[in-house]
Amino acid sequence: MRFLRLLFLPILLPAVCQAQTSATAREMARQGFVDILSQDSTIQVSLMYSRADNFTGRVLYTDLREAYLHPKAARALARAQQLLREQHPELSLKVYDAARPMSIQQKMWDTVKGTAQQNYVSNPRNGGGLHNYGMAVDITLCDALTGDTLDMGTVVDHLGPEAHIDAEEDLVRRGTISAEALRNRLLLRQVMKQAGFTPLRTEWWHFNLITRAEARAHYKVIR
């Protein structure tokens, strides 16, 4: 009897694992995207659109808790985590958003369309943004043990000039963000750029691996 239980165990385990994976995650995998934790399990993940505390004020990822990226971007992100660990073993990257289906992009656009914030969100009609190709990531720094995020001056998803990276010293001089927040932003940009990512001028947390032109020429959007 014990032999029979052991015999059936390998058959049952994959079914259990499959049941624990969301439909959205399975669809991401089917399209060729990978869970970033498969590249580096020490990266922390807290998807902001799986909660209501984001700029839309509602849950957009109803079943997604994992962060997926194009394999190329996932490898680059793992490299950034390695670089951070080498310099600051007490810190970790924390991902707030990664690959994003175009259907979710549409909901975001519908929220800001016709408002002062619409310039912060890519219009699906124009092809969306690099999140929709799995080639962009929203990210911050956190304590590797507790997961507590470091001071970055604003919360992730803040749509306003306080989140811009092109006049940060002025923000510090005016007391809008702290000197510590600026140091943390610079450290985040350093490791991400060393790993091949490019920062976005208007969002300290957003990094692209390739350009939109490259994405539209060589990659497919996530449906």
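Student: About how many helical turns separate Asp-170 and Arg-173 in helix α5?
Tutor: The model is predicted. In it, Asp-170 and Arg-173 form a salt bridge, their closest N and O atoms being 2.1 Å apart. Both residues lie in helix α5 and are three residues apart, so the separation is about one helical turn.

Student: Is Arg-173 buried or exposed?
Tutor: Its partner Asp-170 has a relative accessibility of 32% and counts as partly exposed. For Arg-173 the relative accessible area is 62%. The cut-off for the upper class is over 50%, so Arg-173 is exposed.

Student: Which residues do salt bridges with shared partners join into one network?
Tutor: The search of the whole structure finds nine salt bridges. Where such bridges share partners, they join three residues into one network: Asp-97, Arg-100 and Asp-138.

Student: How many residues apart in sequence are the parts tied together by Glu-168 and Arg-185?
Tutor: Glu-168 and Arg-185 form a salt bridge, with 3.0 Å between the closest N and O atoms. Glu-168 belongs to helix α5 (residues 168-173) and Arg-185 to helix α6 (residues 179-194), so the pair ties together parts whose sequence separation is 17 residues.

Student: What is the relative accessibility of Arg-185?
Tutor: Glu-168, its salt-bridge partner, is buried, with a relative accessible area of 5%. Arg-185 also counts as buried, and its relative accessibility is 1%.

Student: Which arginine forms a salt bridge with Glu-168 at 2.7 Å between the closest N and O atoms?
Tutor: The 2.7 Å salt bridge of Glu-168 links distant parts of the chain, from helix α5 to a partner in helix α6 that is 21 residues away. That partner is buried, with a relative accessible area of 10%. The residue is Arg-189.

Student: How far from Gln-39 is Arg-79 in space, C-alpha to C-alpha?
Tutor: Arg-79 is placed in helix α3 (residues 71-87). Arg-79 and Gln-39 are 40 residues apart in sequence, and the C-alpha to C-alpha distance between them is 9.3 Å.

Student: Leaving out residues up to four places away in sequence, which residues does Arg-79 touch?
Tutor: Arg-79 counts as partly exposed, at 38% relative accessibility. With residues up to four places away in sequence not counted, Arg-79 touches Glu-86 and Ala-195.

Student: Is Thr-140 buried or exposed?
Tutor: Thr-140 is in strand β5 (residues 136-143). Beyond four places away in sequence, the residues Thr-140 touches include Leu-93, Tyr-96, Met-152, Leu-188 and Trp-204. The cut-off for the lower class is under 20%, and Thr-140 has a relative accessibility of 1%, so Thr-140 counts as buried.

Student: How many residues of strand β4 (residues 91-97) are buried?
Tutor: Strand β4 pairs with β5 in the antiparallel sense over six bridges. Strand β4 is largely enclosed by the rest of the structure, because the number of its seven residues that are buried is seven.

Student: What is the bridge partner of Gln-44 in β4?
Tutor: Strand β2 (residues 44-45) runs parallel to β4, and two bridges join them. In β4, the bridge partner of Gln-44 is Lys-94.

Student: Which residue in β5 stands opposite Asp-97?
Tutor: Asp-97 belongs to the salt-bridge network that also holds Arg-100 and Asp-138. The pairing of β4 with β5 is antiparallel, and opposite Asp-97 in β5 stands Asp-138.

Note on methods: Residues numbered from 1 in each chain as written. Predicted model: local features only at pLDDT ≥ 70, side-chain atom pairs only at ≥ 80, totals over all residues. Heavy atoms only, no water. Salt bridge = Lys/Arg side-chain N within 4 Å of Asp/Glu carboxyl O. Helix = DSSP H or I, 4+ residues; strand = E, 2+ residues; numbered from the N terminus. Buried < 20%, exposed > 50% of the residue type's maximum accessible area, 1.4 Å probe, protein only. Contact = heavy atoms within 4.5 Å. Pairing = 2+ DSSP bridges.
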